[in-house]
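Hi,

Here is the structure I promised to pass on. Have a look at it first, and then read my notes below.

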Amino acid sequence: MPTTTTTHATTTTDAAVTGPTTMRAVTQRAYGSADVLSIGTIDRPTPTDDEVIVEVVAAGLDRGVWHVMTGLPYLIRLMGYGLRRPTNPVPGADVAGRVVAVGSAVTRFAPGDEVFGIANGSFAELATAEEAKLVAKPGNVTFEEAAVSAISGITALQALTTVGRAEAGQHVLVIGASGGVGSFAVQVAKALGATVTGVASAGKLDAVRSLGADHVIDYSTTAIDDGDRRYDLIVDTGGRNPLSRIRRALTPTGTLVIVGGEGGGRLTGGITRQLRAAALSLVVRQRLAFFVSSESLEYLEPLADHLADGSVVPAIGQRFTLDEVPAAIRAMEAGGLTGKAVIDVGR
Ligand SMILES: NC(=O)c1ccc[n+]([C@@H]2O[C@H](COP(=O)([O-])OP(=O)(O)OC[C@H]3O[C@@H](n4cnc5c(N)ncnc54)[C@H](OP(=O)(O)O)[C@@H]3O)[C@@H](O)[C@H]2O)c1
């Protein structure tokens with residue numbers, strides 16, 4: 001989650017960013033549906049001391065964009081995104097592109113560097129990012145692939161490693177294997193040596209198999225606790241299965257990692273499910289955990305390594321232009337995306 005506020009200067013004073021003083025961007029001045037988004041021309045951003053300005057080649061779409069656009073659940077408005085309207089008028093976080101300017105305290109990057117990571121407003125020709133949320137783009141990875149990787153990829157890594165403590169030989173169930181986080185989680189789990197079962201809707205099961213899943217479950221016909229298979233680790237990214245059902249699908253000492261899930265209510269997004277899991281975990285043999293992803297180099301760097309060695313290949317399902325961002329978000333709302341959607345911005 002972004003922790004800083006990006007300002008879009010009313011005058012361009014940064015000599016390092018040459019050329020036009022304006023840029024094309026998606027903006028939103030109020031919380032609401034995709035109807036609140038407009039595409040137009042705004043002033044170029046200028047970096048603070050520890051920020052980098054990235055000329056955006058491609059941006060990634062993730063569920064967080066929808067939450068910040070709508071201001072839902074209301075809980076997120078208390079987390080620095082703006083009480084009445086978005087603090088940052090430019091949506092989008094996942095980014096890949098070229099550095100065009102750096103703040104005075106930035107040491108790791110220089111103009112011309114190819115980078116990817118998490119920005120404050122990536123649905124624009126130029127985006128501002130904290131230096132600590134960017135890494136070098138591996139040469140063998142396309143800008144599109146890099147652009148869809150950071151948020152979902154580091155969340156999947158944390159779910160499986162730090163929180164889930166996955167080990168080779170374990171049976172891992174990924175609920176929501178066709179989605180953003182899930183498509184990375186299937187591949188990271190395979191790279192760690194696990195046997196992976198992916199849960200998704202019927203029309204996306206082939207896509208889940210192509211990620212490397214050993215088994216698949218169609219959630220519309222089969223419950224995760226049907227049959228005899230029990231899992232050492234369950235990574236839960238969708239569907240909001242009751243904890244009782246998830247616990248039946250786990251081994252007696254198995255681990256549940258709740259990443260998230262839509263539809264939990266306008267006020268808190270159903271955070272009580274996560275809190276109940278954590279409380280229950282204190283008194284049962286199974287470990288039931290949730291976490292908020294840490295946006296740091298600790299995970300961005302190993303993610304870049306996975307992309308570089310080909311053990312993780314981002315699953316790009318759909319491509320959109322900057323003008324098509326509202327359509328992309330509507331497609332996400334309708335469940336029409338598979339894997340990650342990319343927004344092509346530049347070249
Ligand atoms: N904890 C954190 O720090 C963190 C970080 C990132 C994201 N999140 C949250 O994690 C969740 C997943 O994010 P995402 O970007 O991966 O979303 P996504 O791309 O929309 O993926 C959602 C997945 O859930 C599946 N799903 C939907 N209904 C289901 C059901 N009834 N049973 C089983 N699976 C079902 C979808 O499958 P089909 O498409 O096949 O229907 C899809 O694979 C979101 O709620 C997001 O806000 C949390």
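I'll start just past helix H3: arginine 165 follows that helix and has a positive phi, near 50°. Keep in mind that this is a predicted model.

H3 itself is mostly covered, with 12 of its 14 residues buried. Among the buried ones are Ile151, Ile154, Leu157, Leu160 and Val163, along with smaller names on your list such as Ala150, Ser152 and Gly153.

Now the ligand. Which residues come nearest? Out of the 27 around the ligand, they are Gly176, Gly179, Gly238, Gly239 and Gly260. Three elements each give two or more residues to that shell: H3 (150-163), helix H4 (180-191) and strand E9 (195-200). H4 supplies the largest share, three residues. By residue class, the shell has 15 polar, eight nonpolar and four charged members. Both domain 1 (22-149 + 314-344) and domain 2 (152-290) contribute to the shell, so the ligand lies between them.

The other helix I went through is H9 (residues 325-333), where Val325, Ala328, Ile329 and Met332 are buried. Those four sit on the same side of H9, because they cover an arc of only 95° around the axis. What packs over them? The cover for the buried residues of H9 includes helix H1 (63-70) and several strands, among them E1 (22-28), E2 (37-43), E3 (51-61), E14 (316-321) and E15 (340-344). Just after H9 there is another positive phi, this time at glycine 335, about 75°.

Cheers

Key: Residues numbered from 1 in each chain as written. Predicted model: local features only at pLDDT ≥ 70, side-chain atom pairs only at ≥ 80, totals over all residues. Near = placed C-beta within 6 Å. Nonpolar A, V, L, I, M, F, W, Y, C, P; charged D, E, K, R; others polar. Domains from an automatic or database assignment. Buried ≥ 20, exposed ≤ 12 C-beta atoms within 10 Å, placed from the backbone. Arc of directions from axis to C-beta. Contact = placed C-beta atoms within 7 Å.
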